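Colleague: I am new to this one and would love a friendly tour. Could we go through it together, one question at a time?

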Amino acid sequence: MSAQGIQFQEPLSSFRFLVRLGDSQGISAAFSRFSGVKMEMETIQNRNGNDNRGVKEYTPVFTSFAPVTLSKGVVGDNEFLNWMLSASAGALTGPSGINLRRTIDVIAVDPAGNPMATWTLLGAMPIGYELSPMDSSRSEVLTESITFAITGMKRTTQPPPQ
């Protein structure tokens, strides 16, 4: 603690995170990699009509979010793959899923496992799937990656445990 009573915190580690799907209170899957969130605001420049200095200002016009990717080792769990398949075309039909857009929470935890920050990915819809190559000459974990388009994001933080 500093002289002014401000408590400093260590930055969170990027390898300690959990993933929760929808309104579930439980953890949905143990993902080993999260690509992160990239948000950009497209702007236009304009000058206020009563600004006699001739200074241009930026006005936000559009917000876009890059797709995010979650990767994990292949295990017996099919929840995310089934969601992906419900969003894709079948042999003779279009997407069969009713609830294609969902909410995904990515939760950063401290070394003791306490949730510290949550990134809520809004309107997430699966748009890609990739299975890592299988190579008998290597001894790597077989992983699958699922890519999601998102329409928004919010971040919430929890106070550090006392």
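**A walk through the model**

Modeller: Let us start inside: Trp-83 and Phe-148 are both buried. Please keep in mind that this is a predicted model.

Colleague: Thanks! How many helices and strands are there in the chain, and in what pattern do they follow each other along the sequence?

Modeller: The chain holds 1 helix and 9 strands. Reading along the sequence, the pattern is β-β-β-β-β-α-β-β-β-β.

Colleague: What percentage of the residues count as buried?

Modeller: A residue counts as buried when its relative accessible area is under 20%. The chain has 162 residues, and the share of them that counts as buried is 26%.

Colleague: Back to the two residues you began with. How many aromatic pairs does a search of the whole structure find, and which residues form a pair?

Modeller: The search of the whole structure finds 1 aromatic pair. Its ring centres are 5.1 Å apart and its planes are at 40 degrees, which makes it tilted, and its members are Trp-83 and Phe-148.

Colleague: Which parts of the chain does that pair tie together, and how many residues apart are they in sequence?

Modeller: Trp-83 belongs to helix 1. Phe-148 belongs to strand 8, so the pair links parts of the chain whose separation in sequence is 65 residues.

Colleague: Which residues have the most contacts inside the largest nonpolar core, and which elements each supply at least two residues of this core?

Modeller: The largest nonpolar core has 18 residues, and those with the most contacts inside it are Val-19, Phe-31, Phe-80, Trp-83, Ile-104 and Phe-148. At least two residues of this core come from each of these elements: strand 1, strand 5, helix 1, strand 6, strand 7 (115-131) and strand 8 (143-149).

Colleague: Now the strands. In which sense does strand 5 pair with strand 2 and with strand 8, parallel or antiparallel, and over how many bridges?

Modeller: With strand 2 (residues 33-34), strand 5 pairs in the antiparallel sense over 2 bridges. With strand 8, strand 5 also pairs in the antiparallel sense, and here the number of bridges is 6.

Colleague: Which residue in strand 5 stands opposite Phe-34, and which residue in strand 8 stands opposite Lys-72?

Modeller: Opposite Phe-34, in strand 5, is Leu-70. Opposite Lys-72, in strand 8, is Glu-144.

Colleague: How many salt bridges does the count come to, and which residue meets Arg-20 in a salt bridge?

Modeller: The count comes to 4 salt bridges. In one of them, an N to O distance of 3.1 Å joins the side chain of Arg-20 to that of Asp-105.

Colleague: How many residues apart in sequence are the parts that this pair ties together, and is Asp-105 buried or exposed?

Modeller: Asp-105 lies in strand 6 (residues 102-109) and Arg-20 in strand 1 (residues 17-21), so this salt bridge ties together parts that are 85 residues apart in sequence. As for exposure, Arg-20 is buried, and Asp-105 is likewise buried.

Colleague: Are Glu-140 and Arg-138, which also meet in a salt bridge, buried or exposed?

Modeller: The salt bridge between Glu-140 and Arg-138 has an N to O distance of 2.8 Å. Both Glu-140 and Arg-138 are exposed.

Colleague: And how far apart are the closest N and O atoms of Lys-38 and Glu-40?

Modeller: Lys-38 is partly exposed, with a relative accessible area of 48%, and Glu-40 is partly exposed too, at 43%. They form a salt bridge, and their closest N and O atoms are apart by 3.4 Å.

Colleague: On the surface, which residues make the nonpolar patch of about 370 Å²?

Modeller: One member, Val-74, sits in the loop between strand 5 (68-73) and helix 1 (79-87). Val-74 is partly exposed, with a relative accessible area of 36%. Together, the residues that make the patch are Val-74, Tyr-129, Leu-131 and Met-134.

Colleague: One last stop: where is Pro-133, and what separates its C-alpha atom from that of Glu-144?

Modeller: Pro-133 is in the loop between strand 7 and strand 8, and at 70% relative accessibility Pro-133 counts as exposed. Pro-133 and Glu-144 are 11 residues apart along the chain, and the separation of their C-alpha atoms is 9.6 Å.

Conventions
Residues numbered from 1 in each chain as written. Predicted model: local features only at pLDDT ≥ 70, side-chain atom pairs only at ≥ 80, totals over all residues. Heavy atoms only, no water. Patch = residues over 30% accessible without salt bridge, like charges linked within 9 Å, V, L, I, M, F, W, Y side chains within 5 Å. Areas by Shrake-Rupley, 256 points an atom, 1.4 Å probe, with all protein chains shown as cover. Helix = DSSP H or I, 4+ residues; strand = E, 2+ residues; numbered from the N terminus. Buried < 20%, exposed > 50% of the residue type's maximum accessible area, 1.4 Å probe, protein only. Core = buried A, V, L, I, M, F, W, Y, C linked by side-chain atoms within 4.5 Å. Pairing = 2+ DSSP bridges. Phe/Tyr/Trp six-rings, centres within 6.5 Å; stacked < 30°, edge-to-face > 60°.
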